[in-house]
Structures are given as C-alpha cells and as structure tokens.
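Student: Got a few minutes to walk through this model with me? I'd like to go site by site.

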Amino acid sequence: MPADVMIETVALKKHFPVRKGILQREAKAVRALDGISLTIRRGEVLGLVGESGSGKSTLGKTLMMQEPPTSGQIVFGDTEISRFSERLLKPFRRRMQMIFQDPFSSLNPRMSVGDSLTMPLRFQAPDMSASARLDKARQVIETVGLSGDILERFPHEFSGGQRQRIGIARALITDPEFIVADEAVSALDVSVQAQVLNLLTEIRHRWQLTMLFVTHDLAVVGHIADRVAVMYLGKIVEVAPTRELFTRPRHPYTEALMSAVPTPERRAHQRIMLEGDIPSPISPPSGCAFRTRCPYAKPACADSAPPLDVRGTGHYAACHRPELELASPIAT
Ligand SMILES: Nc1ncnc2c1ncn2[C@@H]1O[C@H](COP(=O)(O)OP(=O)(O)OP(=O)(O)O)[C@@H](O)[C@H]1O
Ligand code: SF4
Ligand SMILES: [Mg+2]
C-alpha cells in the first residue's frame with residue numbers, strides 16, 4: 001500500500017444477526033455494512049454522510065475494531081488488523097481514537113476531568129509517571145482552548161461546548177494519528193458548532209491528524225472535509241472531493257440529500273423530498289438499493305447493484321444512469 005494511505009478497507013462487511021424463536025436461531029441479519037471499499041489518505045479529513053440508519057457509526061466503530069468485521073479487510077498503515085485479537089490490537093489502540101456526539105459517554109461523571117483525561121494513558125503508557133501524565137493532560141486541555149486549572153473540576157460543571165472540547169482533549173491525549181469524529185458537533189448550538197469546527201480544523205493541521213468525520217448534516221461537512229463519502233444502506237454510493245460533490249453530484253441520493261440543505265436562495269419547489277423511510281437493512285431492495293425512492297429509477301435498476309464507477313478525478317458514483325444531469329444547490 002502507498003505510504004500516504006492511513007487506513008483502507010476492502011469489501012468490508014458488518015452484519016448483525018437477528019435471532020428468532022426459543023432456540024435463538026440466527027434467522028436473518030442487519031446488513032449494516034455491505035461491502036465498503038474505502039481509502040483515507042494520511043492528513044485528510046473524509047466526511048461521511050447519509051440518513052439515520054445508513055451505517056455511518058457502524059463503519060466508524062468497525063474501523064476502530066471495536067467489534068470484529070463479518071468479512072473483508074481493514075488495513076491500518078501497512079498492517080491488516082481486521083482479524084487481530086485484543087492483545088495484538090493494543091499497540092494500535094493508542095493510534096486511533098473516537099470523538100462522540102455526547103462527550104458524557106466518554107467522561108465518567110464521578111471522575112475529575114484530569115482523572116478522565118489521564119485514564120487512557122494508564123493503560124497505554126503504564127511507565128509514564130503520574131506527574132508526566134498530568135503535564136500531558138494540561139498540554140491537551142490548553143490545545144483545545146481551556147485552562148489547565150479545570151483538571152480538578154467535574155464534567156457537570158461545564159457547558160455543552162466546553163464538554164465537547166474536553167471530549168476532543170481526551171481523544172488527543174494518546175497522540176493518535178487517526179480520529180473518528182461521530183456527530184461530534186451535532187448536539188451543539190449553531191454558534192458553538194462553528195467554534196468547535198474551527199477548533200477541529202486547527203487541530204487537524206497542527207497535529208497532522210487523519211479523520212473520518214461522520215455527520216448527517218451536509219452543511220457541516222462542507223466546512224471541514226477534504227472529500228466526502230455518501231452512504232446508503234450499508235454501501236458507499238458516491239465519493240468525491242468536497243467542492244466537486246457539492247457542485248456536481250453524480251448520484252440521485254446525493255442530489256436529494258443536498259436539496260434538503262437550506263440555502264438563502266433556495267425556493268420551496270426546488271426541494272426534492274426523499275419519500276418514505278430508508279428501507280430495512282435486513283432485506284434491502286434488489287439491484288440498486290436506492291431504487292424504491294429514486295425519482296430516476298428504471299426497471300433495469302432492480303436487476304443488478306451498480307458498481308462504484310469513475311465519474312471524474314477522484315469522483316466515483318454507483319448509479320446505472322451516468323448520463324443524468326443532477327441539480328446542485330451551489331452549481332457554478
Ligand atoms: N449492535 C447492533 N445490533 C443490531 N443492529 C445494529 C447494531 N448497531 C447498529 N445496528 C443497525 O445497523 C444499521 C446501521 O446503524 P448505524 O448506527 O451504523 O447508522 P447511522 O448511519 O450511524 O445512523 P444515525 O445517523 O442514526 O446515527 C441500523 O439499521 C441499526 O439499527
Ligand atoms: S441505479 Fe437507478 S435507482 Fe439507483 S440511483 Fe441510479 S437511477 Fe436511481
Ligand atoms: Mg450514527
């Protein structure tokens with residue numbers, strides 16, 4: 001693999017068994033990830049968007065090897081880690097971290113901020129002295145724009161924006177190379193959201209981080225991502241450099257998602273409403289999984305799943321109708 005690749009997946013699948021009856025026999029499976037082949041280059045921020053239930057968080061967690069994949073490969077740097085035991089994964093854990101929507105989920109309410117921040121170091125760097133751990137905590141807390149004297153305080157004493165900064169500090173304390181930020185700014189007020197996005201942008205450059213930035217909000221992803229991948233029912237349906245995706249979408253699902261982003265100029269009739277809910281990932285539609293909601297679907301779309309094909313430089317889309325002229329809210 002080229003040296004500039006941080007993480008790569010090949011035909012990655014994660015299926016959750018659905019058990020039935022008193023014997024709890026495995027009847028069906030939720031196909032949360034259904035063949036994801038993706039590359040994230042060192043130093044880049046890849047945005048990951050899609051409706052609720054499309055599999056975004058499952059992809060983030062599976063890349064972190066929180067649960068083993070059902071099949072396929074995850075290559076981190078130059079090591080395939082997809083079938084590693086926890087013992088073999090240990091040296092990799094320090095190098096990959098997550099930031100969550102709700103920083104409370106990674107902060108123990110009964111622990112001081114300092115204890116919460118230094119906890120990962122006790123596991124990852126057992127030889128480090130207590131004072132060195134505290135120095136490191138002070139360094140990361142200042143990096144995220146907070147003062148070192150908050151280390152003795154408790155999570156409930158902080159506002160949502162401050163807590164998210166603490167969540168980011170906790171992710172940074174092990175000097176990771178790769179971060180999955182899962183809806184990291186989604187719960188914040190718009191003004192605080194902008195501050196935290198600016199902070200993440202500053203940090204990614206300063207710490208030369210690689211990031212998968214998961215969000216259901218296309219407007220947010222435009223501010224931070226270099227490229228964007230669009231997910232639908234466990235598959236990537238389009239991936240392109242951010243500006244290219246926004247100005248020249250090549251998949252009807254991307255067009256529909258973008259039409260739901262409010263802009264000052266948008267008139268009501270220009271909105272494409274996505275009809276109906278996302279189908280169940282237990283039994284996705286045959287052929288192109290988007291066909292039950294696609295305004296351009298033809299009978300042939302039910303026959304086979306469209307492959308992710310080249311549409312331009314670094315631009316790929318999975319649609320049987322490459323001739324479609326799709327609308328963009330910011331087309332130039
Ligand atoms: N542990 C699990 N067991 C069974 N099904 C699961 C599990 N985790 C996720 N799923 C299912 O996998 C699918 C994808 O879920 P996932 O949470 O990855 O979606 P998402 O894109 O992150 O959605 P959201 O925007 O709501 O966070 C959903 O149908 C979900 O119900
Ligand atoms: S393959 Fe057919 S159904 Fe699927 S997105 Fe393209 S036009 Fe729509
Ligand atoms: Mg999610």
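Student: Start with Pro 279: buried or exposed?

Tutor: Pro 279 counts as buried, at 18% relative accessibility. Buried means under 20% relative accessible area, exposed over 50%, and partly exposed in between, with a 1.4 Å probe and protein chains only. This is a predicted model: local features need pLDDT of at least 70, side-chain atom pairs count only at pLDDT 80 or more, and totals for chains, interfaces and linings use all residues. Residues are numbered from 1 along each chain as its sequence is written, chains are lettered from A and ligands numbered from 1 in the order in which they are written, and side-chain values use heavy atoms, with hydrogens and water left out.

Student: Where is Pro 279 in the fold?

Tutor: In the loop between helix 9 (252-259) and strand 11 (309-312). Helices (H or I, at least four residues) and strands (E, at least two) are DSSP runs, numbered from the N terminus.

Student: What does Pro 279 touch?

Tutor: Tyr 232, Leu 233, Pro 285, Thr 292 and Arg 293, setting aside residues up to four places away in sequence. Contact means heavy atoms within 4.5 Å. There is a long-range pairing too: Pro 279 and Ser 54 are 225 residues apart in sequence, yet 9.7 Å apart in space, C-alpha to C-alpha.

Student: Leu 233 came up there. What is its phi?

Tutor: Near 45°, a positive value in a residue other than glycine. Leu 233 lies in the loop between strand 9 (227-232) and strand 10 (235-241). Leu 233 is buried, with a relative accessible area of 5%.

Student: And what about phi at Ala 11?

Tutor: Also positive, near 45°. Ala 11 is in strand 1 (residues 5-20). Ala 11 counts as partly exposed, at 39% relative accessibility.

Student: Switching to ligands. Which residues are around ligand 1?

Tutor: Phe 16, Val 30, Ala 32, Pro 281, Glu 51, Ser 52, Gly 53, Ser 54, Gly 55, Lys 56, Ser 57 and Thr 58. The criterion is a residue heavy atom within 4 Å of the molecule.

Student: Which side chains have N or O atoms at 2.8 Å or 2.9 Å from ligand 1 oxygens?

Tutor: Lys 56 has a side-chain N or O atom 2.8 Å from an oxygen atom of ligand 1. For Ser 57 the side-chain distance is 2.9 Å, again to a ligand 1 oxygen atom. Ser 54 uses a backbone N or O atom, 3.2 Å from an oxygen atom of ligand 1. A polar contact is a pair of N or O atoms within 3.5 Å; within protein, one must be able to donate a hydrogen and the other to accept it, and residues adjacent in sequence count only if both atoms are side-chain atoms.

Student: Thr 58 is on that list too. Where does it sit?

Tutor: In helix 1 (residues 56-63). Thr 58 is buried, at 15% relative accessible area. Beyond its sequence neighbours up to four places away, Thr 58 touches Lys 14, Phe 16, Ala 32 and Leu 33.

Student: How many residues of helix 1 are buried?

Tutor: Six of its eight, so helix 1 is mostly covered. The buried ones are Lys 56, Thr 58, Leu 59, Gly 60, Thr 62 and Leu 63. Just after helix 1, Met 65 takes a positive phi of about 60°.

Student: What does Arg 93 contact?

Tutor: Met 64, Met 65, Glu 86 and Gln 124, leaving aside neighbours within four places in sequence. The Arg 93 side chain reaches the backbone oxygen of Met 64 at 2.6 Å. Arg 93 itself lies in helix 2 (residues 86-93).

Student: Back to ligands. Where does ligand 2 sit?

Tutor: In the largest cavity. On a 1 Å grid over the protein atoms alone, a cavity is a set of points where a 1.4 Å probe fits but cannot get out. Sitting there means more than half of the molecule's atoms lie within 2 Å of the grid points.

Student: Which residues surround ligand 2?

Tutor: Four cysteines are easy to pick out by name: Cys 288, Cys 294, Cys 301 and Cys 319. The others are His 251, Pro 252, Phe 290, Arg 291, Tyr 296, Ala 297, His 320 and Arg 321.Student: How does the shell around ligand 2 split by class?

Tutor: Eight nonpolar, two polar and two charged residues. Ala, Val, Leu, Ile, Met, Phe, Trp, Tyr, Cys and Pro count as nonpolar, Asp, Glu, Lys and Arg as charged, and the others, Gly among them, as polar.

Technical notes. 1 Å grid on protein atoms, 1.4 Å probe; cavity = no way out; pocket = protein on both sides within 12 Å on 5 of 7 lines; lining within 4 Å.
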